[in-house]
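Trainee: Could we go through this one together before I get back to the bench?
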Amino acid sequence: MFSPADHRFMDTALALARAQLGRTAPNPAVGCVLVSGNRIVGWGATADGGRPHAERRALDMAGELARGSRAYVTLEPCAFHGQTPPCADALVEAGVSSVCIACLDEHPKVAGRGITRLREAGIEVETGLRAQDAEALYAGFFHRLRTGQPRIYLDPDPARYDAVLTLTSQNELDRILDELGEAGMNRVNLDPEHPLAGHLVEAGQAQFPGPATHTVR
């Protein structure tokens, strides 16, 4: 279904997203690559603070070269008007011919609507390329959408996380996580040597970062 070139371009989009981990809250770090004639003509990742979005930055770079191009996006393009217009609409207006999406967005205002918008405009949409990597990348974001709390990662390097978890007792955990979630934090760091680290892992409340989510420099 997907060619070696498809995998290569999506891997580039994922790398762009990973490089922005910890800098885009409350939005997830998304990567987007635009390809025309087997050549990258535009690329972008969610900017610091969450805006502009990856698709907008890639389209701005590509300019007229975006028309007829194939877009590789790590997360389903947004389909609602928040502080910025919907990225799905931006892709339609730019005239891209097809969009390859790693994984769907669980945000209730998106959740398939971005794909529907693209297809209604006659754009070919494919999903699932590098889905496992993308789902791992957005596990914290999806966890916050479902629970209101960020996901805890045990990592000796606090870089690329939205916040560092300061915890002195198990009793205060929910309160702190609720506050961080309300502030839009998706992924929070806790030192693996913390006295409560083992307990949190056993309770399913924390995890070690896997290869798909590990910090990069």
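Mentor: What follows is a walk through the cores, a few helices, the strands and the cysteines of a model that is predicted.

Trainee: Okay, start with the inside. Which residues of the largest nonpolar core touch the most other members?
Mentor: That core holds 44 residues, and the ones touching the most other members are Met-10, Leu-34, Leu-59, Val-99 and Tyr-138. Its largest share, 6 residues, comes from helix α1, which spans residues 4-19.

Trainee: And what does Leu-34 touch?
Mentor: If residues up to four places away in sequence are not counted, Leu-34 touches a list that includes Ile-40, Val-41, Ala-58, Leu-59, Ala-62, Ala-66 and Val-96. Arg-39, Ser-69 and Arg-70 are also among the residues that Leu-34 touches.

Trainee: Ala-58, Leu-59 and Ala-62 sound like one helix. Which residues of α2 are buried?
Mentor: In helix α2, residues 54-62, the buried ones are Ala-54, Glu-55, Ala-58, Leu-59 and Ala-62. They lie on the same side of α2, because the arc they cover around the axis is only 125°.

Trainee: Why would that spacing put them on one side?
Mentor: An α-helix has 3.6 residues a turn, so residues three or four places apart point the same way.

Trainee: What do those buried residues pack against?
Mentor: The buried residues of α2 pack against three strands, β1 (31-36), β2 (39-45) and β3 (70-75), and against helix α3 (87-94). After α2 comes Gly-63, which has a positive phi near 60°.

Trainee: Let's move on to α4, then. Which of its residues are buried, and what covers them?
Mentor: Helix α4, residues 113-120, has Gly-114, Ile-115 and Leu-118 as its buried residues. Their arc around the axis is only 100°, which puts them on the same side of α4. What covers them includes α3 together with strands β4 (98-103) and β5 (124-127). Just after α4, Gly-122 has a positive phi of about 85°.

Trainee: How do β4 and β5 pair, and what unit do they make with α4?
Mentor: The two strands pair in the parallel sense over 4 bridges, and β4, α4 and β5 together make a right-handed β-α-β unit. As for individual pairs, Cys-100 has Glu-126 in β5 as its bridge partner, while Ser-98 is partnered by Glu-124 in β5.

Trainee: What pairs with β4 besides that?
Mentor: β3 also pairs with β4, again in the parallel sense, over 5 bridges, and there Arg-70 stands opposite Ser-98 in β4. So Ser-98 is a point where you can follow the pairing from Arg-70 to Glu-124.

Trainee: How many residues of β4 are buried?
Mentor: In β4, 6 of the 6 residues are buried, so β4 is largely enclosed by the rest of the structure.

Trainee: Switching topic, since I'm thinking about reducing agents. How many disulfides are there?
Mentor: The structure holds 0 disulfides. Cys-32 is in none, and its nearest cysteine sulfur, that of Cys-87, is 8.4 Å away. Cys-32 counts as buried because its relative accessibility is 0%.

Trainee: And why isn't Cys-87 bonded to Cys-78?
Mentor: The sulfur of Cys-78 is the closest cysteine sulfur to that of Cys-87, but at 3.7 Å it is too far for a bond, given that a disulfide needs the two sulfur atoms within 2.5 Å. Cys-87 is buried as well, with a relative accessible area of 4%.

Trainee: Back to cores: what about the second one?
Mentor: A second, separate core has 16 residues, among them Leu-173, Leu-190, Ala-197 and Ala-206.

Trainee: Where is Ala-206, and is it buried or exposed?
Mentor: Ala-206 is in strand β9, residues 206-207, and it counts as buried because its relative accessibility is 5%. Its C-alpha atom is separated by 5.6 Å from that of Tyr-153, although the two residues are 53 apart along the chain. Leaving aside neighbours within four places in sequence, Ala-206 is in contact with Arg-151, Ile-152, Leu-154, Leu-200 and Val-201.

Trainee: What sheet does β9 belong to?
Mentor: β9 belongs to an open sheet of 4 strands with parallel pairing, in the order β7-β8-β6-β9. β7 (163-164) and β9 stand at the edges with a single partner strand each, so one side of each has no neighbour in the sheet. At the β7 edge, 2 bridges join that strand to β8, residues 187-190, and Val-164 has Asn-189 as its bridge partner in β8.

Definitions and conventions
Residues numbered from 1 in each chain as written. Predicted model: local features only at pLDDT ≥ 70, side-chain atom pairs only at ≥ 80, totals over all residues. Heavy atoms only, no water. Core = buried A, V, L, I, M, F, W, Y, C linked by side-chain atoms within 4.5 Å. Buried < 20%, exposed > 50% of the residue type's maximum accessible area, 1.4 Å probe, protein only. Contact = heavy atoms within 4.5 Å. Arc of directions from axis to C-beta. Pairing = 2+ DSSP bridges. Right-handed = clockwise from strand over helix to strand, strands pointing away.
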